[in-house]
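Subject: Structure handover

Hello,

Here is the structure for your set-up work. My notes on what was found in it follow below.

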Amino acid sequence: MASNKLLMLSVVAIFIPAMAMATDYIVGDDSGWTINFDYQAWAKDKVFYVGDKLVFQYPKGYHNVFKVNGTAFKNCDIPPTNQALSSGNDTVVLNTPGRKWYICGVSNHCSAYAQKLFITVQYQYGWAPAATPQILQVSHGHQLLHPLPLHLQHQHLHLQCQTQ
Ligand SMILES: [Cu+2]
């Protein structure tokens, strides 16, 4: 019973930091998803991690959101309409790391008004699911006798990330 509780505590201790870092970003903040807004300037000082969300907010019908590739982003090639997000409050979960491109497909908003967003998504620190069982194993063994100091837990997480 006592050891179960300790194990629970160690699991909670490891997962809370990772979950607490997941962030919802309102694209464009108060301006939302619109024309004549510098989305690269908006994204410049932000670090996006796997698990974060982008929320595109706009008056329904005035804009929409397409996830596109780098070429379509550059040329403002608009995909078929049925691929658009168009609710006016569209949430995109950043499930994978790498470069992501989003454009508005209404009229010439992308080509003439720069309604386009490019971001790079990073691996979350200690997030990779494959590393989880080994991390639990490590913390389990140590936690039963005495809590592993925080900086050592971080080292374990760090090693797991490096060996991915
Ligand atoms: Cu638009």
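Residues 130-164 have a pLDDT that stays under 50, and for this stretch the model has 30 contacts beyond four places in sequence. This is a predicted model. Where pLDDT is low, the predicted coordinates should not be read in detail. Across the protein, pLDDT averages 78, and 63% of the residues score at least 70. A second stretch, residues 9-13, has pLDDT below 50, with four contacts in the model beyond near neighbours in sequence.

Overall make-up

The protein contains six helices and seven strands. Read from the N terminus, the elements follow the order α-β-α-β-β-β-α-β-β-α-β-α-α. Of the 164 residues, 23% count as buried. Among contacts with a separation of 6 or more, 77% are between residues 24 or more positions apart.

The three-stranded sheet

One open sheet is formed by three strands in the order E1-E3-E5, with mixed pairing. E1 (24-26) and E5 (89-93) are the edge strands; each has a single partner strand, so one side of each has no neighbour in the sheet. From one strand to the next, the twist averages 20 degrees.

Both pairings in this order involve E3. E1 and E3 run parallel and are joined by three bridges, with Tyr25 opposite Leu54 in E3. E3 (residues 53-57) and E5 run antiparallel and are joined by five bridges; here Val55 stands opposite Thr91 in E5.

In a regular strand the side chains alternate between the two faces of the sheet. Which residues of E3 lie on its covered face, and which on its uncovered one? Leu54 and Phe56 make up the covered face, while Lys53, Val55 and Gln57 make up the uncovered one.

The four-stranded sheet

Four strands form another open sheet in the order E2-E7-E6-E4, again with mixed pairing. Its edges are E2 (48-49) and E4, each with a single partner strand, so one side of each is left without a neighbour in the sheet. E4 and E6 run antiparallel, joined by three bridges, and Lys67 of this pairing stands opposite Tyr102 in E6.

The core

The largest nonpolar core has 19 residues. Those with the most contacts inside it are Trp33, Phe56, Val65, Phe66, Ile103 and Cys104. At least two residues of this core come from each of E3, E4 (66-68), E6 (98-103) and E7 (116-122). Phe56 therefore appears twice in these notes, on the covered face of E3 and among the core residues with the most contacts.Ile103 touches Phe66, Val68, Phe73, Cys76, Cys110, Gln115 and Lys116, leaving aside residues up to four places away in sequence.

Ala112

Is Ala112, in helix H4 (residues 109-113), buried or exposed? Ala112 has 11 C-beta neighbours inside 10 Å, and the cut-off for exposed is 12 or fewer, so Ala112 counts as exposed. Ala112 and Ile35 lie 77 residues apart in sequence, with 8.8 Å between their C-alpha atoms.

Regards

Notes. Residues numbered from 1 in each chain as written. Predicted model: local features only at pLDDT ≥ 70, side-chain atom pairs only at ≥ 80, totals over all residues. Pairing = 2+ DSSP bridges. Axes fitted to C-alpha atoms, helices over the stretch in contact; angles between N-to-C directions. Core = buried A, V, L, I, M, F, W, Y, C linked by C-beta atoms within 7 Å. Buried ≥ 20, exposed ≤ 12 C-beta atoms within 10 Å, placed from the backbone. Contact = placed C-beta atoms within 7 Å. pLDDT = per-residue confidence, 0-100.
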